[in-house]
Amino acid sequence: MLRKVVCLTLPGMAPFEFGVLCEVFGIDRSDQGGPQFDFHIVAAEPGPIPMKLGFDIVVHEGLEAAEDADLIAVPAFLDQEVHPEILRVVREAEQRGAWILSVCSGAFVLAEAGVLNGRRSTTHWMYTDRLAREYPLTDVDPDVLFVEDRKVVTGAGTAAGIDAALHIVRKELGAAATNVIARRMVVPPQRDGGQSQYIEFPVPSVRSDSFARVTDWMLENLDQDLTVDQLARKALMSSRTFARRFRADMGTTPAAWLNRQRIIRAQQLLEQGDEGLETVAAKAGFGTAAVMRHHFLKVLQTTPATYRRTFGARDAG
């Protein structure tokens, strides 16, 4: 049973992500039928802890309180040396089977402690490549809001920390307890989709003048059925040569490049207008709304309708 929750503090940590952990686990909600956790905020060196934005919080408890915690939580933290006693606490928690949770870039603390080795993980999409590069023993998933792998939970950026924390509550205490916390926080108890939908995908740069002309033409004709043979003729190449050189120059196949640009075009249309999904699908080159929905689910882990509700322009009047 999840009872004792300990939040580790580190110099330079982000206040929002720290606040998320305090909000989910630090408030007594027993008067509404929700949980009350034995919540502790601890530091390797108790006293003033400087936050990322230039103010301090004062922490009174040391790491002794973490020795029997059911959950160790780590807020966002990056680009500073981690106190070795913090790493020890994280390792010992993993060894005794406690839950471990990181929010956003707090995943780097878990990785430094070695508890992500052989596990899937995630972090904010801005840092997923770096996490995978610096800690190759963890399998980084850049598309999800959070990952649980054998009681080690890593959350993506900022608000995804709420999703990750509520996931642990749901696993340990059930949906009813989770719903009480979510209602008090005015957030959904469980969100759909992943963080891919929040990433802006720019049109990739082109290293070849010949492909610049072709890709410009492709972007102008996304609503057409564009075949490799047609594109090869436009580039004055054989189909085989075009496919090989396009992949070498662009880092992906013509079909994959087209699909990505069609998703970007559909996102723009959904954000900026109110045309029906069939019209958006036709203008973006997907043909039908069903085909567009398939690609949104596969790449963005959300549907076009949900994407529009989340990111569509609101009428200020």
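Valine 5 has phenylalanine 39 of strand 2 as its bridge partner, and in this predicted model that pair offers a convenient point of entry into the sheet. Strand 1 and strand 2 run parallel and are joined by 6 bridges. In general, the strands of a sheet pair through backbone hydrogen bonds, in either a parallel or an antiparallel manner.

Seen as a whole, the sheet is open and has 6 strands, which follow the order 2-1-5-6-10-9 with mixed pairing. Its edges are formed by strand 2, covering residues 38-43, and by strand 9, covering 146-149, each of which pairs on one side only. When direction is ignored, neighbouring strands of this sheet are turned by 15° against each other on average.

Helices pack on this sheet. Helix 2, made of residues 84-95, touches strand 1, strand 5, strand 6 and strand 10 (152-155), and its direction makes about 150° with that of strand 1. Helix 5, for its part, lies across strand 5, strand 6, strand 9 and strand 10, and it runs at about 160° to strand 6.

From the sheet one can turn to the nonpolar interior, where the largest core comprises 35 residues, with Val24, Phe25, Leu71 and Leu101 having the most contacts inside it. Two or more residues of this core come from each of strand 1 (4-9), helix 1 (15-25), strand 4 (56-59), strand 5 (71-74), strand 6 (99-102), helix 5 (160-173) and helix 6 (175-185). Another core, of 32 residues, lies apart from it and includes Ala66, Ile72, Phe77 and Ala111. Returning to valine 24, and leaving aside residues up to four places away in sequence, one finds that this residue touches Arg29, Phe37, Ala165, Leu166, Val169, Ile181 and Met185.

Two loop residues deserve a look at their backbone angles. Most residues other than glycine have a negative phi. Cysteine 104, in the loop between strand 6 and helix 3 (107-113), nevertheless has a positive phi, near 55°. Arginine 150, in the loop between strand 9 and strand 10, likewise is not a glycine and has a positive phi of about 55°.

The surroundings of these two residues can be set side by side. Cysteine 104 counts as buried because its relative accessibility is 6%, where the limit is under 20%. Arginine 150, by contrast, is exposed, because its relative accessible area of 52% falls in the range over 50%.

Note on methods: Residues are numbered from 1 along each chain as its sequence is written. This is a predicted model: local features need pLDDT of at least 70, side-chain atom pairs count only at pLDDT 80 or more; totals for chains, interfaces and linings use all residues. Side-chain values use heavy atoms; hydrogens and water are left out. A nonpolar core is a set of buried Ala, Val, Leu, Ile, Met, Phe, Trp, Tyr and Cys residues joined through side-chain atoms within 4.5 Å. Buried means under 20% relative accessible area, exposed over 50%, partly exposed in between (1.4 Å probe, protein chains only). Helices (H or I, at least four residues) and strands (E, at least two) are DSSP runs, numbered from the N terminus. Contact means heavy atoms within 4.5 Å. Two strands pair if DSSP finds at least two bridges between them. Axes are lines fitted to C-alpha atoms, for helices over the stretch in contact, and angles run from 0 to 180 degrees between N-to-C directions.
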